[in-house]
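Work through the three exercises below. Try each task before you read its solution.

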Amino acid sequence: MSKSRNTLLIVLSFFAIYVIWGSTYLLNKISVQELPPFMLASIRFSVAGILIFALCKIMGIPLTITKKQLLNSSIAGFLFLAFGNGFVVWALKYVDSGFAALEIAAQPLVILLLMRILEGKKIQTMSLVGVIIGILGIYLLVSQNQVISKENSVLGMVMIFLCMISWAYASLFVAKADLPKNYFVNTGFQMFAAGIILMVGSLLIGETWSLPTTWSSPVLYSMLLLIIFGSIVAFTAFNYLLKVVSPEKVATSTYVNPIIALLLGWFFLGEEITTQSIIAAVVLLTGVYFINTRKKLVLFSRFSSRYSPKED
């Protein structure tokens, strides 16, 4: 019975990191068509952070952290979520959700290059092949006339790339920073800090805030799904999988998320899937696969400053 229960939990957890995380692009795209992007992201992360704190209290997990840990959590929250996610939401005003997901799939490539530039880490042969293939995939993706001809689409693509640099730098930062030991507490403080930062930014640029009672039903449902499932359920599933299966299997979400996002964007929003996009997806994800064959993966530092994948 216990084995069957564990198998079911593993299956449900993979569904969460595959489908739920893949669907967040669609949900953000739906919401940003009606709500200001920084307001949207601020509400999502503030509420998610508060809910995580409440869950910690219920589970008896202490929320006490040091001032240094609070500062580092706030920095990580800014890099990962306030800038790294907030501007992706902003960019979704100008690019398709599936396109954004495909571009973001190149994140391991950016992390690898930043490790080389900032830390002098040697890029292994397999990873170097992955970088070359990944760059080719990105070129095929962003060079399409159907994409670059849209108003402000280039600006959206550049902003997403800057977000990827922010994520990559944050990954290197949290690997060395003093952060709360409990991953739930760590994420709660990162999300709450990001929510406050985004709120301040939203007010400074003059975004008009509105009450949920004024939102349309699709936006309201999208926000609830982003908060409960995208921010809490999928995150919990991710960390559960890191404990019970190999990191290489968990890393497969890198390949599945953009495919899910492409299909959902096509089905629900009528986003175009071109032949070149399909080719670019295959090439780009092949490059990411080669990068992820490195013995030490760099995909998971966002979630735990103490997590270190085992050597093969």
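The exercises cover a charged residue, a backbone angle and a surface patch.

This is a predicted model, where local features need pLDDT of at least 70, side-chain atom pairs count only at pLDDT 80 or more, and totals for chains, interfaces and linings use all residues. Residues are numbered from 1 along each chain as its sequence is written, and side-chain values use heavy atoms, with hydrogens and water left out.

**Exercise 1.** Find which residues E103 touches.

Solution. Start with the place: E103 lies in helix α5, residues 97-104. Helices here are DSSP runs of H or I, at least four residues, numbered from the N terminus. Next, list the contacts (heavy atoms within 4.5 Å). E103 touches L141, M157, I160, F161 and M164, leaving out residues up to four places away in sequence.

**Exercise 2.** Describe phi and accessibility at N152.

Solution. Begin with a rule. Most residues other than glycine have a negative phi. N152 is not a glycine, yet its phi is positive, about 65°. Now locate it: N152 sits in the loop between α8 (145-148) and α9 (153-176). Last, accessibility: N152 has 34% relative accessibility, so it counts as partly exposed. That class lies between buried (under 20% relative accessible area) and exposed (over 50%), with a 1.4 Å probe and protein chains only.

**Exercise 3.** Place I50 and state its exposure.

Solution. First, the helix: I50 belongs to α2, residues 37-59. Then the exposure: I50 is partly exposed because its relative accessibility is 47%.

How values were computed: Helix = DSSP H or I, 4+ residues; strand = E, 2+ residues; numbered from the N terminus.
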